[in-house]
Amino acid sequence: MINKEVTQSRNYTVPLITITLLFFMWGFITCMNDILIPYLKQLFKLTFFESMLVQFCFFGAYFIGSLIYFLISISKGDPINKAGYKKGIIFGIFLAAFGCVLFYPAATFSYYPLFLGALFILGLGFTVLQITANAYVSLLGSEESASSRLNMTQAFNAFGTTIAPVLGGHLIFEFFSSPDGSFSAVATRIPYLIFAGILLLVALLISRVKLPSFQTQEEEIVKGWGALQFSHLKFGVFAMFCYVGGEVAVGSFIISFLEQP
């Protein structure tokens, strides 16, 4: 059974708004990869294979981070349950902000592998947020309305992915671009420092907001393969693998083809 911290008020509106803002930000920054791919492709004269390492490193961090979390969970129990959802969310935000900050030296030295390293760390931060924030939203209220809350927060996540190509493209290709219009890695420095600053402000807000604490009794945590023993979950994982692969590939490649005459 999940024990909810006893509070004087069961109104979770403020915590939900705060977490929803976080969903919007990580959706926005995730979709900035679609802007980076053609930008870095032209800047470093990359092939399509080399430019797609952007998504490989970013989403590879999801796989590696989740795999490490899973291995720790089946052997020693759920780390987030022990540390707390709030601490887990703040840790994920700090990790993502650090990835954004690494864009500054990557752009300063114009070094493509450093860009990939920054994206990998950024992806690790978002992995922690996916694990903690999604579960946390489902707990901010009754079980009957959990799916509605997740749909609402994911809608703002999708809104972030919708406006990121427009606003992000303006920031990198126009607002912070070189005066002569040539491609320069420095155009990515200020935007990602801004993203890091916003993430840190969200972390500060979350640290100040009274968030309810949830914890599962240790003896009720199922160690081992747990839910993966069910075949329909395994098929679901494979379906998500195919879906995300198609979604990411289309969004990443289509910009390069739309710019052709």
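Leaving aside neighbours within four places in sequence, which residues is Lys86 in contact with? The model is a predicted one, in which local features need pLDDT of at least 70 and side-chain atom pairs count only at pLDDT 80 or more, while totals for chains, interfaces and linings use all residues. Residues are numbered from 1 along each chain as its sequence is written, and side-chain values use heavy atoms, with hydrogens and water left out.

Back to Lys86, then: its contacts (heavy atoms within 4.5 Å) beyond that four-place window are Ile206, Ser207, Val209 and Leu211. Take Ser207: 121 residues separate it from Lys86 in sequence, yet the C-alpha to C-alpha distance between the two is 7.7 Å. Lys86 itself sits in helix 6, which covers residues 85-101. Helices here are DSSP runs of H or I with at least four residues, just as strands are runs of E with at least two, and the numbering starts at the N terminus. Lys86 counts as partly exposed because its relative accessibility is 27%; the scale calls a residue buried under 20% relative accessible area, exposed over 50%, and partly exposed in between, using a 1.4 Å probe and protein chains only.

Thr132 belongs to helix 8. With a relative accessible area of 0%, Thr132 is buried. Setting aside residues up to four places away in sequence, Thr132 touches Ile80, Tyr85, Gly88 and Ile89.

Out on the surface, there is a nonpolar patch made of Phe63, Ile64, Leu67, Ile68, Leu71 and Ile72, and together they offer about 540 Å² of accessible area. Such areas come from the Shrake-Rupley method with a 1.4 Å probe, and for residues only the protein chains shown count as cover. To join a patch, a residue needs over 30% relative accessible area and no salt bridge; like charges are joined within 9 Å, and nonpolar side chains (Val, Leu, Ile, Met, Phe, Trp, Tyr) within 5 Å. A salt bridge, in turn, is a side-chain nitrogen of Lys or Arg within 4 Å of a carboxyl oxygen of Asp or Glu. One patch member, Ile68, lies in helix 4 (residues 53-76), and its 46% relative accessibility makes it partly exposed.

Two loop residues round things off. Lys45, in the loop between helix 2 (33-43) and helix 3 (48-51), has a positive phi near 55 degrees although it is not glycine. Its relative accessibility is 71%, so Lys45 counts as exposed. Ser110, also not a glycine, has a positive phi near 50 degrees. Ser110 is in the loop that links helix 7 (103-109) and helix 8 (112-139), and at 35% relative accessibility it counts as partly exposed.
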